[in-house]
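Me: I am new to reading protein structures, and I would like to understand how the labels are justified. Could we go through some of them together?

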Amino acid sequence: MVEDLLAGLNPQQAEAVTAVEGPVLVLAGPGSGKTRVLTHRIAWLVRETGVPAHHLLSVTFTNKAAAEMRGRVEQLLGGRLAGLQIGTFHSICARLLRVEAGAGVLPYGQNYSIYDTDDQQRVVKGVLSELNVDTKRVQPGRVLNAISAAKNELITPDEFRSADYFGEIVRRAYVQYQKRLVENNAMDFDDLLMNTALLLRDHDDVREKYQQRYEYVLVDEFQDTNQAQYQLVRILGRPQENVFVVGDEDQGIYAFRGADYRNVMQFRKDYPAAKVILLEQNYRSTQVVLDTARAIIDKNKHRTPKALFTDRSGGALVTVQEAYSEQEEGEWIARRIEELRRQRKDGYADFAVMYRTNAQSRALEEAFVRAGMPYRLVGGVGFYRRREVKDLIAYLKLINNPNDREVFERVVNVPGRGIGEKSVANFLDWAQNKNLTLAEALEAAADGVALPVVGRAAKGLVDFSQLLRDLRFMAAQNLLAAFDELTARTGYHIYLNEISDTAEQVTERQENVQALRGVIAEKKDLALDEFLADASLVAEIDQLDSSVDAVTLLTLHSAKGLEFPVVFITGVEDGLLPHSRTFSEPEEMAEERRLLYVGLTRAQDELYLTYAFRRVLYGDSTLSTPSRFFDDIPPELTTGLSPRLRGAQQRSGYKYETTWEREERPSSVSGAFASPKIIAFPPGGKASGGSRPAPAGPPTKYQPGMRVYHTKFGKGTVQSSKVISGDEEVQVRFEQAGIKLLSASFANLVVLDE
DNA sequence: TAAAGTATTCTTTTT
DNA sequence: GAATACTTTA
């Protein structure tokens, strides 16, 4: 029995799986099989030590990871484990709070709303203007960050101490912000963690209930926990302290949302008896990939050195590629993928293209569409953030929690019912004067009570409140029917026409509404509050459907925990990776390094690092420099062009350096640059061929061997020339200046007759 | 009140 | 250059 759970594991992995009593800290390098260890450990505890499945709590980083882990454990044990608790901190807390809010210990109902960043932003703005704070001088976003940071440290509004002027504004805003949230029966993401931690800390009976329930607590990606999460683990772990955490300090990439990789050190202090297990063998990558990654991460201070090793010695060199622009970067990658696919006989799904910021995905997508290559995009403008989806979800939220003022204000006049700002204010004031909650006021309106609004607004408000009442009734029976009623009675499809500028936009929005309907149909087993919590807590990465054969496009952050045979990391430029916002903060710069490390270690076989010479930012074109991180990669591990690697001897001939200058290209050329119309690509949809042959190059003006003259570089010989994005790119070996890559459209090359 | 026009911010990263 | 916030106009 024991054998099959330990089969194929190395001694360290086996030790981790079978550790019985007390706290365990597993420090695991990338690709060391830590997910496998966690999965096997759960199975082992259930089968070999007889722990009932519902006494186990396993925390993962994403819901997708949770689903996968549950699947594997059930596979190992050959049956369903109904009571097994696996999920993210947020989803576990949200569920716990629904139960306990119903029990009345919290100032919340179990139908509480969960606020996303947009909702938070709205509340903060409202609060700041109430406090007469100039939002030009004090950015709401910064106030929100400060509030969020406080919550992650479990500091309540009462306990918040201000040290300076800004701090005082934050303190006052925090007090009001939290008051508003409670009034609205709403929690933000941070509240889910903070309220759970405080609830368990301050209420003995509740705490004991969960402490008794959870005999074993397991946490993955421990380096990305914040203070609130750490405290949750500590509390739930008592009294047995069977706390099993797995992490890698080098992969900590979420400090910006309060994660503190020092929790790993804290753990060692708080549990001096903890067994520490190191997993250093990498089963994923080639030696070359691993050496590259190590070269990058070794430059970070304050880390526990790990002796990572693999038995996959050698491997393909890391290819470094410069492109002229982000368009050409995408085109080059698309071409390369087709080549590799032929060579390696891989499917599209074996390739991943990663980037630092979501905005970078656009040019890549366009290139892939042009190449007819199937891709799937993780994240981007999230489905749930689309206007039409947010509107309809907002209705559902209001049905679920009619005290949510934010949501009420969002949809009361959507589609237009003649209820303007003034009427809304009158209505809310009236409710307040009569001491009615929003829910009660809406009920009164539905009953036809005289309202302090006139004309169209009065009728609109009555219609609206009656609609809500009817929908609530229907939703309790059948959510999908309620949804259909909602779109029908609000004339939402007509409204979509009104708010859209083009026919395509209408279609796209209608498709999104249909997609939302599909999600509701799929989750028909869930109650409304559960459905909404689910919808609020889905991670970008949770939507990755790996059953389709397509190239994966994702941010470096989303790539955590994944692996691919071939990985492209794009935009490896100073200002992007590392991001310019981190230049002045060494701590943040170190995190950028870890981010690159995470990206590099996703690759199993081949790694490509690309950067563009120029890139469009905020709508205008800027020149960029290859990332400073290139300086740290030993040149012998790479192949391709990178000035930072190749050093001074080639720097004199640095591609483009003196050729494009800082001038704009002639407009006739930039006209040809305009991207072709993008054909909508169904997200996760069918792959359309993708086998289109690489376009045969159009005829070029310059031919290899031709002698040319340049005003600055003198005489030279054409090496090669090709048409790229409407312009001709000529490589010339100059007698004095060395090899240069020139744009034919404005380099003014004169053909010589020699 | 709604529509149309103008100004401004925005890009780190995400539960 | 897109999305939103804010202002002006009908």
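Reply: Gladly; what follows is a set of short questions and answers about this predicted model.

Me: Why is the contact between Lys151 and Asp188 called a salt bridge?

Reply: The N to O distance between these side chains is 2.7 Å. The cut-off is within 4 Å, for a side-chain nitrogen of Lys or Arg and a carboxyl oxygen of Asp or Glu, so the pair qualifies. The search of the whole structure finds 53 salt bridges.

Me: What makes Lys151 and Asp188 a pair that ties parts together?

Reply: Lys151 lies in helix H7 (residues 140-152) and Asp188 in strand E5 (residues 186-188), so the pair ties together parts that are 37 residues apart in sequence.

Me: How do you know whether Lys151 is buried or exposed?

Reply: Buried means under 20% relative accessible area. Lys151 has a relative accessibility of 0%, so this residue counts as buried. Asp188 is at 1%, so Asp188 is buried too.

Me: What makes Asp605 and Arg344 a salt bridge?

Reply: Their closest N and O atoms are 3.0 Å apart, and the limit is within 4 Å, so the label fits. This pair links distant parts of the chain, with Asp605 in strand E14 (residues 603-612) and Arg344 in helix H14 (residues 326-344), 261 residues apart.

Me: Why is Arg344 called partly exposed?

Reply: Its relative accessible area is 24%. Buried needs under 20% and exposed needs over 50%, so a value in between is called partly exposed.

Me: How do you know which of these labels, buried or exposed, suits Arg362 and which suits Glu366?

Reply: Arg362 has a relative accessible area of 58%, over 50%, so Arg362 is exposed. Glu366 is at 10%, under 20%, so Glu366 is buried. Their side chains meet in a salt bridge of 3.3 Å, N to O. Both residues lie in helix H15 (residues 361-371), four residues apart, which is about one turn of the helix.

Me: What makes strands E15 and E16 a pair?

Reply: Pairing needs at least two bridges between strands, and four join E15 (residues 614-617) to E16 (residues 620-623), so they pair. The two strands run antiparallel. As an example, Val616 has Ser621 in E16 as its bridge partner.

Me: Which residue takes a positive phi in the hairpin of E15 and E16?

Reply: Tyr618 does, with a phi near 55 degrees, and the hairpin has two residues between the strands.

Terms used:
Residues are numbered from 1 along each chain as its sequence is written. Chains are lettered from A and ligands numbered from 1 in the order in which they are written. This is a predicted model: local features need pLDDT of at least 70, side-chain atom pairs count only at pLDDT 80 or more; totals for chains, interfaces and linings use all residues. Side-chain values use heavy atoms; hydrogens and water are left out. Buried means under 20% relative accessible area, exposed over 50%, partly exposed in between (1.4 Å probe, protein chains only).
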